[in-house]
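Colleague: I should be grateful for a close look at a single part of this model, namely the surroundings of the ligand. Please also set that part in the context of the rest of the chain.

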Amino acid sequence: MPIFICTQSGSKESVIFVAETARDELVGYVYATIETQPDDLISIPYLSINEIAVKRASQGMGIGKSLLQRAERWAIEKGITVIQLATWEFNQPALRFFKNSGYRTIMRKMEKVLRDEM
Ligand SMILES: CC(C)(COP(=O)(O)OP(=O)(O)OC[C@H]1O[C@@H](n2cnc3c(N)ncnc32)[C@H](O)[C@@H]1OP(=O)(O)O)[C@@H](O)C(=O)NCCC(=O)NCCS
């Protein structure tokens, strides 16, 4: 499964790696940016994985893992040693995928809907 750099431009340094079949069919991509804004809790710079997705029919075949590893390699090439991403709590398959890939939860965003209590 070849993976190509698609673009790398803009004010923030960013990258998109895409996964294509031998027939040039796009089956997945990862979009990441280098974040440099200071934050008390986050060491900078870090790579933010903003989006990663694999076509449903191609999931579970190692493509997501390859894309994530490619983005991680890109970070290392840039001298970046921290990667962050956010995912919805209901997205249990993605949570398992990231955990499996060595990511751990460092913060939880919580909410309470008050509608029913009014
Ligand atoms: C999450 C996603 C990117 C994973 O890509 P994928 O190509 O299906 O995953 P892979 O086949 O590369 O799997 C890599 C590893 O994660 C595991 N894994 C993948 N999906 C899993 C699941 N649903 N449950 C448990 N483990 C899973 C695999 O078993 C594999 O483990 P291994 O390294 O021990 O072999 C893909 O399922 C997807 O596009 N989901 C919809 C979009 C999405 O939720 N994106 C993330 C939003 S932040």
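Modeller: Helix H2 gives the largest share of the shell around the ligand, with five residues. The model is a predicted one, and what follows describes that prediction. In total, 17 residues surround the ligand, and the closest of these are Gln59, Gly64, Lys65, Pro93 and Arg96. H2 covers residues 92-100; along with helix H1 (63-77) and strand S4 (46-54), H2 is one of the elements that each supply at least two residues of the shell. Sorted by class, the shell holds eight nonpolar, seven polar and two charged residues.

To place these elements, consider the order of the chain. Two helices and five strands are present, and from the N terminus they follow one another as β-β-β-β-α-β-α. The C-alpha trace spans about 55 × 35 × 25 Å along its principal axes. Of the 118 residues in the chain, 14% are buried. Where contacts link residues at least 6 apart in sequence, 42% of them join residues at least 24 apart.

Strand S4, which contributes to the ligand shell, is also paired with S3: the two run antiparallel and share eight bridges. Within this pairing, Ile34 has Leu47 of S4 as its bridge partner. S3 (residues 26-35) is in turn joined to S2 (residues 14-20) by seven bridges, again in the antiparallel sense. Here Ala19 lies opposite Gly28 of S3, and Glu20 has Leu26 of S3 as its bridge partner. S2 and S3 make a hairpin in which five residues lie between the strands, and Asp24 in the turn has a positive phi of about 65 degrees.

The side chains of S2 alternate between two faces. Val15, Phe17 and Ala19 point to one face and are buried, whereas Ser14, Ile16, Val18 and Glu20 point to the other and are not buried.

Helix H1, also a contributor to the ligand shell, has a part in the nonpolar interior as well. The largest nonpolar core has 14 residues, of which Val30, Ala32, Ile49, Leu67 and Ala71 touch the most other members. S2, S3, S4 and H1 are the elements that give two or more residues to this core, and the largest share, five residues, comes from H1. Ala71 illustrates how this core is connected: beyond its neighbours within four places in sequence, Ala71 is in contact with Phe17, Val30, Ala32, Leu47 and Ile49. Among these contacts, Phe17 is one of the buried residues of S2, and Leu47 is the bridge partner of Ile34.

One further position deserves mention, in the loop between S3 and S4, where Pro45 is found. Pro45 counts as partly exposed because 17 C-beta neighbours lie inside 10 Å, while a residue needs 20 or more to be buried. Apart from neighbours within four places in sequence, Pro45 is in contact with Ile34, Glu35, Thr36 and Ile80. The C-alpha atoms of Pro45 and Lys78 are separated by 10.0 Å, although the two residues are 33 apart along the chain.

Terms used:
Residues numbered from 1 in each chain as written. Predicted model: local features only at pLDDT ≥ 70, side-chain atom pairs only at ≥ 80, totals over all residues. Near = placed C-beta within 6 Å. Helix = DSSP H or I, 4+ residues; strand = E, 2+ residues; numbered from the N terminus. Nonpolar A, V, L, I, M, F, W, Y, C, P; charged D, E, K, R; others polar. Buried ≥ 20, exposed ≤ 12 C-beta atoms within 10 Å, placed from the backbone. Contact = placed C-beta atoms within 7 Å. Pairing = 2+ DSSP bridges. Core = buried A, V, L, I, M, F, W, Y, C linked by C-beta atoms within 7 Å.
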